[in-house]
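Biologist: I am new to this structure and would like a close look at a single part of it. Please choose one group of charged side chains, go through it carefully, and then place it in its surroundings.

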Amino acid sequence: MLDRLLFASFPTLHDLLHSTGFILARNVAVALGVVLWLGLAYRVHRDARRRIGDPFLVVFATLLGLVPPYIGPVVYLLFRPSETLDDVRSRRAEICALEQQLARSQPACPVCNSWVEPDFLACPVCATILREPCPACKAPLEPLWQLWPYCMPPAGRVEVDLDAALTAEAKTITLVDDNIPLVPQPERRVADA
């Protein structure tokens, strides 16, 4: 039935191809194809500006998105840089921040901020006493350690008076004002004695 109706309306293929409806549909399809083609080229241009720093390469990528219609954006997609320029900048900033954090994690003298080895007993620059030596092997003890974990002193566990240590620490701290919290005073250096 539909065949008869179509054949009755358009007896020849020529009449079908030159009908107003077909011409209108063809023009709409061509217009949509051109809009899609230009939209893909514009998308390639925007993406290239985000990923490529060289303006010449951005123009080249845009032309690649235009010239072979519909194939150029696929080729660009295969060969574009994987990261945007913002991603590269943020990665570099993160690496720089991590390097600075690593540099800060190096042991430093609390008074002069010069670099010190972890096994120094005193700062070689300002002569601040950093650690006490182990009574048995003379290796440096950390301030809160009660004994050196690698060598047990011959007499057994060394008793440390924590009250005396806290009292000595409290002497280095003074109250500046009622509104300002406790502020540590600089440690006494060997050179000052």
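Modeller: Asp47 and Arg51 both belong to helix H3, where they stand four residues apart, about one turn of the helix; helices here are DSSP runs of H or I with at least four residues, strands are runs of E with at least two, and each kind is numbered from the N terminus. This is a predicted model, in which local features need pLDDT of at least 70 and side-chain atom pairs count only at pLDDT 80 or more, while totals for chains, interfaces and linings use all residues. Residues are numbered from 1 along each chain as its sequence is written, and side-chain values use heavy atoms, with hydrogens and water left out.

Side chains of opposite charge can pair when their charged atoms come close. The side chains of Asp47 and Arg51 form such a salt bridge, at 3.0 Å from N to O, the term standing for a side-chain nitrogen of Lys or Arg within 4 Å of a carboxyl oxygen of Asp or Glu. Asp47 also forms a salt bridge with Arg50, where the closest N and O atoms are 3.7 Å apart; these two residues likewise lie in helix H3, three residues apart, again about one turn of the helix. A further salt bridge joins Asp47 to Arg80, with the closest N and O atoms 3.1 Å apart. That pair links distant parts of the chain, since Asp47 sits in helix H3 and Arg80 in the loop between H5 and H6, 33 residues apart. Asp47, Arg50, Arg51 and Arg80 are thus linked in a network of salt bridges, and the structure holds five salt bridges in total.

How are these four residues placed with respect to the surface? Asp47 is buried, at 4% relative accessible area, where buried means under 20%, exposed over 50%, and partly exposed in between, with a 1.4 Å probe and protein chains only. Arg51 counts as buried too, at 13%, whereas Arg50 is partly exposed at 42% and Arg80 is partly exposed at 30%.

Thr84 adds a further piece to this surrounding, as it lies in the loop between helix H5 (72-79) and helix H6 (85-104). Leaving aside neighbours within four places in sequence, Thr84 is in contact with Arg50 and Arg51, contact meaning heavy atoms within 4.5 Å. Thr84 counts as buried, at 8% relative accessibility.

The helix itself deserves a few words. H3 has 32 residues and reaches 46 Å from its first C-alpha to its last, close to the 46 Å expected, a span taken as 1.5 Å times one less than the number of residues. Its buried residues are Gly33, Ala41, Val44, Asp47, Ala48 and Arg51. Elsewhere in H3 (residues 20-51) lies Gly39, which is partly exposed at 34%, and Leu32 is in this helix as well, exposed at 57%. In the wider picture, the chain has seven helices and four strands, and buried residues make up 17% of its 193 residues.
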